[in-house]
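Got the viewer open and a cursor ready? Let's take a walk through this structure, one selection at a time.

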Amino acid sequence: MGEIYSPGKLMLTSEYFAVDGALVLAVPTKLGQEFFFEEKHDGKSIIFWEAYHQNKLWLKAVIDYKNWQILETNITSSAEFILKVLKNVQSLSEIQFKNTYTYHLKTNLQFPPDYGLGSSSTLMNNLAEWANIDPFHLNSISLGGSGYDIAVAKAKSAVLFQNKPEICFEKINFSPKFKDELIFIHLNQKQDSREGINLYKSKIKSQNLVNEFSDLTRNILLCNELENFSDLMLLHEQKISDFIEIPTVKSKFFPDCPTFVKSLGAWGGDFVMSAKFEGFEDYFWGKGFSTVFDWCDLID
């Protein structure tokens with residue numbers, strides 16, 4: 001049985017503006033998704049699909065890929081999505097699903113799915129590597145989005161990413177001197193990023209504004225002091241809030257927090273980033289947010 005692995009991701013800058021070509025800084029997480037594959041040359045044209053969440057079976061499906069029909073499953077909607085993705089794999093690949101083999105395919109997501117660390121993007125990248133196809137193309141026709149999360153999964157590294165005028169990304173070593181002062185807090189819910197992107201796309205934006213976020217990303221990358229980093233994060237958060245006309249997560253949940261609180265990706269769910277202060281653990285626990293990670297515990 002073969003195995004492929006992709007790390008999860010966190011988007012530190014540019015959020016929605018990534019779809020319009022703003023420069024993105026994103027980092028990989030220590031947890032990701034494993035993909036196991038095995039094939040048998042038996043002439044049956046069947047896919048046995050199993051998806052695990054933290055080693056517990058979540059989805060199983062049996063798919064006839066000669067006729068692209070679901071023969072068995074425990075979650076119809078999820079199996080239909082997998083069928084769609086695998087059909088896309090077949091259309092792009094020169095090697096997979098071009099025969100009558102039986103495939104045993106298994107995934108294991110190492111983090112809770114509501115963490116929003118990239119369950120779909122890690123799947124796209126793993127399948128693309130297995131099928132020897134372009135992960136950005138597979139992601140585009142299967143899910144959409146800017147593609148920054150695919151870049152992190154593919155690079156297995158922190159990246160600077162842009163998708164216009166064409167997709168390009170650069171592996172970087174992002175390890176700020178003050179990283180031990182940074183923390184990540186889960187907001188106890190997962191946000192639908194496509195819903196947020198649709199809201200963003202409905203608003204008129206200028207290229208100058210897109211460029212402002214690229215400049216913010218470059219300045220954040222150059223920070224040597226937590227104070228400067230914090231100021232830029234506050235500015236970044238306020239610019240997004242002003243544009244999408246949604247209150248900042250700090251004003252909504254943490255108005256009395258003495259440090260910055262920065263949304264990471266789609267607003268309203270998943271993780272936010274902040275900095276340590278005296279009694280920070282009691283503060284966040286007291287507001288009902290008990291999942292708090294240090295940088296070294298979450299970021300690879």
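Which residue in β12 does Phe184 stand opposite? Select Phe184 and look across to β12: the residue facing Phe184 is Phe293. Before going on, keep in mind that this is a predicted model.

**Stop 1: strand β9**

Now widen the selection to β9, residues 182-186. Strand β9 is largely enclosed by the rest of the structure, because 5 of its 5 residues are buried. Turn the view to see both of its faces. Leu182, Phe184 and His186 sit on one side, Ile183 and Ile185 on the other, and both faces are covered.

Next, bring in the neighbouring strands. β9 and β11 run antiparallel and are joined by 5 bridges. To find one of the paired positions, select His186, whose bridge partner in β11 is Phe271. β9 is also joined to β12, again antiparallel, by 3 bridges.

**Stop 2: Ser274**

Stay with β11 and pick Ser274, which belongs to that strand. Is Ser274 buried or exposed? Ser274 counts as buried because its relative accessibility is 0%, and the cut-off for buried is under 20%. Its side chain reaches the backbone oxygen of Phe260 at 2.7 Å. Show the surroundings too: setting aside neighbours within four places in sequence, the contacts of Ser274 include Leu182, Ile183 and Ile185, along with Cys257, Val261 and Phe284.

**Stop 3: helix α7**

Select residues 226-244, which make up α7. This helix has 19 residues and spans 27 Å from first C-alpha to last, close to the expected 27 Å. Colour its buried residues, among them Phe229, Leu232, Met233, His236, Ile240, Phe243 and Ile244. As you look along a helix, a bit of background helps: residues three or four places apart point the same way, because an α-helix has 3.6 residues a turn.

Step just past the end of α7 and you reach Glu245, which has a positive phi of about 60°. Keep Glu245 selected for a moment, since it comes up again below.

**Stop 4: the cores**

Time to look at the nonpolar residues. In soluble globular proteins, nonpolar side chains tend to be buried together. Here the largest nonpolar core has 44 residues, and those with the most contacts inside it are Leu10, Phe17, Phe174, Phe184, Phe229 and Met273. Elements that each supply at least two of its residues include β2, β9, α5, α6, β11 and α10. Which element gives the largest share of this core? That is α7, with 6 residues.

Zoom in on Phe17. Beyond its neighbours within four places in sequence, Phe17 is in contact with Ala22, Tyr200, Leu209, Val210, Phe213, Ile240 and Phe243. Then move away to another core, lying apart from the one with Phe17 and made of 40 residues. Ala79, Leu86, Leu143 and Tyr148 are among its members.

**Stop 5: the salt bridges**

How many salt bridges are there? The count is 8. Try these in turn.

- Select Glu15 and Lys262, which form a salt bridge with the closest N and O atoms 2.7 Å apart. The two are 247 residues apart: Glu15 is in the loop between β1 and β2, while Lys262 is in strand β10. Glu15 counts as buried at 3% relative accessibility, and Lys262 is buried too, at 0%.
- Go back to Glu245 and add Lys203: their side chains meet in a salt bridge, 2.8 Å from N to O. Lys203 lies in the loop between α5 and α6 and Glu245 in the loop between α7 and α8, so this pair ties together parts 42 residues apart in sequence. Lys203 is buried, at 19%, whereas Glu245 is exposed, at 63%.
- Pick Asp294 and Lys276, where the closest N and O atoms are 3.2 Å apart. Asp294 is in strand β12 and Lys276 in the loop between β11 and α9, so parts 18 residues apart in sequence are tied together. Asp294 is partly exposed, with a relative accessible area of 25%, and Lys276 is partly exposed, at 25%.
- Finish with Asp20, Lys164 and Lys205, which are linked in a network of salt bridges.

Methods
Residues numbered from 1 in each chain as written. Predicted model: local features only at pLDDT ≥ 70, side-chain atom pairs only at ≥ 80, totals over all residues. Heavy atoms only, no water. Salt bridge = Lys/Arg side-chain N within 4 Å of Asp/Glu carboxyl O. Helix = DSSP H or I, 4+ residues; strand = E, 2+ residues; numbered from the N terminus. Buried < 20%, exposed > 50% of the residue type's maximum accessible area, 1.4 Å probe, protein only. Pairing = 2+ DSSP bridges. Expected span 1.5 Å × (residues − 1). Polar contact = N/O pair within 3.5 Å; in protein donor to acceptor, adjacent residues only side chain to side chain. Contact = heavy atoms within 4.5 Å. Core = buried A, V, L, I, M, F, W, Y, C linked by side-chain atoms within 4.5 Å.
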